[in-house]
Amino acid sequence: MKIASDASVQIPENDAFAALSYKNDTLCFEGIAIEKIAEEVGTPFYVYSQLAIEATYGRCAAAFASIKAGIFYAMKANHNQSVLRIFARNGAGVDIVSIGEALRAIAAGIPAERIIFSGAGKTADELAQAVDLGLYQINVESSNELELLNQIAISRGKKAPVAIRINPDVDAKTMSKTTTGKKGNKFGIDIDVALPVYKRAYSLPGINLVGVAVHIGSQLTSVEPFRLAYAKTVDFLKMLRSQGMSIPRLDLGGGLGIWYRDEQVEDFSAWADVVAEATQGLGVEISIAPGRALIAHAGILVSSVVHVKQGSDRRFLVLDAGMNDLARPSLYGAYHHIIPVDKPASGAPYAPVDIVGPVCESTDAFALARPMPELKDGDLVAFLSAGAYGASMSSAYNSRPLVPEVLIDNDRYAVVRPRPTVQSMIDAEPQAYWLDEDADASRLAEAV
Ligand code: LLP
């Protein structure tokens with residue numbers, strides 16, 4: 001089947017893609033031709049635009065300026081050192097979910113007092129490190145965690161600054177795999193039973209109870225679920241105060257969605273308006289923790305066509321990027337625009353193809369029956385909106401080295417995570433001594 005043309009293979013007309021353009025019929029990000037980076041770095045690779053990151057962060061900061069909300073970038077979306085440094089330079093804090101992320105953030109210049117530690121399963125060791133590092137806030141998600149943290153803080157002669165995450169039982173109306181604030185999700189403490197936990201926290205000598213935290217899910221395209229969740233959260237906070245607990249902070253989490261395909265999506269201003277309305281007159285320090293909305297559009301994944309393969313009933317575009325490099329389509333059925341790096345001639349015919357990766361799994365598919373112009377082996381394509389949850393979720397499955405990352409600033413670029421060599425991957429795995437044929441006899445003897 002041939003179809004005339006399809007908007008999905010053009011750069012979408014959306015401010016979010018302002019840094020992307022075709023110049024001389026080839027795709028450029030800021031001032032750099034993508035094919036130039038491909039020649040030097042090889043494919044696949046991620047590339048980010050500093051301009052796009054700063055412009056997006058600026059829009060978010062401006063939207064929340066009047067209510068003086070602290071912005072704690074959820075770095076799970078993209079934890080590259082250079083990306084973090086851009087956020088640090090622009091005044092952001094970070095929301096982390098492991099001590100690994102804390103160390104990464106600190107290495108990139110984000111001080112401990114701008115770090116909030118979230119997450120459903122922090123270990124004793126992680127909590128101890130969080131107390132030692134002096135993080136701004138630890139978001140506790142269960143009674144057991146509260147007791148453990150109390151003990152740890154006392155043993156160090158400290159008081160841990162704690163917010164307790166409530167689960168407000170609100171449907172985020174997003175994909176089921178990224179909803180977190182409904183009853184039955186593993187996150188937070190059900191709002192109906194949270195009061196005794198707060199009372200207990202207030203009484204514990206190792207705990208400085210500073211806030212209420214809430215996060216209901218990710219990729220919310222409407223701000224209405226935020227409105228419902230924040231109303232419940234604010235009522236809860238007022239109730240705590242009426243019981244004599246002076247709670248100064250409210251952590252409203254992240255979750256604002258982005259435009260992947262053709263969704264109607266609300267923006268930072270709409271979200272900020274909901275926050276302002278919910279918290280009016282409350283006299284509370286507000287923090288938010290957006291991840292995706294700050295970084296998704298600032299990054300693309302570039303890949304080459306390895307083979308165009310004609311099956312019996314369909315055509316496949318086999319790429320050199322796989323589900324290990326960009327997991328979202330195979331994991332969540334997520335949609336990403338995929339556009340050719342060479343601009344298709346106007347009036348070029350489009351035909352549906354299955355766009356797949358090289359990994360030995362049927363689920364390694366990025367798009368089925370996607371209308372694309374004629375492409376040939378070696379041609380380059382770009383996955384849009386891949387800056388969030390792309391590289392940070394990548395793996396080395398099938399012994400495919402971790403996908404490299406590149407940062408562009410205007411007309412210069414730098415490789416900010418090189419592709420590891422396979423030899424370095426092998427070297428990271430010492431042989432069990434009894435399997436190592438070269439091991440010397442004395443070492444074997446020692447082991448007995
Ligand atoms: N705060 C907490 C406590 C979170 O769990 C998350 C995301 C965020 C903030 C940031 O949410 P965002 O603003 O990015 O929506 N891998 C999935 C998304 C998982 C989100 C997990 N939590 C994806 O690729 O769509």
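These questions and replies cover the ligand site and the two domains of a predicted model.

Residues are numbered from 1 along each chain as its sequence is written. Local features need pLDDT of at least 70, side-chain atom pairs count only at pLDDT 80 or more, totals for chains, interfaces and linings use all residues, and side-chain values use heavy atoms, with hydrogens and water left out.

Me: Into which domains is the protein chain divided?
Reply: The bounds come from an automatic or database domain assignment. The chain is divided into domain 1 (7–49 + 298–426) and domain 2 (50–295).

Me: Where does the ligand lie with respect to domain 1 and domain 2?
Reply: Domain 1 and domain 2 both give residues to the shell around the ligand. The ligand therefore lies between them.

Me: Which residues come nearest to the ligand?
Reply: The ligand has 19 residues around it, each with a heavy atom within 4 Å. Those that come nearest are Ser 218, Arg 292, Arg 328, Tyr 332 and Tyr 389.

Me: How far is a polar side-chain atom of Arg 328 from an oxygen atom of the ligand?
Reply: A polar contact is a pair of N or O atoms within 3.5 Å. For Arg 328, the distance to the ligand oxygen is 2.7 Å.

Me: How much of the area that the ligand exposes when taken alone does the protein bury?
Reply: Accessible areas come from the Shrake-Rupley method with a 1.4 Å probe. Alone, the ligand exposes 580 Å². The protein buries 90% of that.

Notes. Polar contact = N/O pair within 3.5 Å; in protein donor to acceptor, adjacent residues only side chain to side chain.
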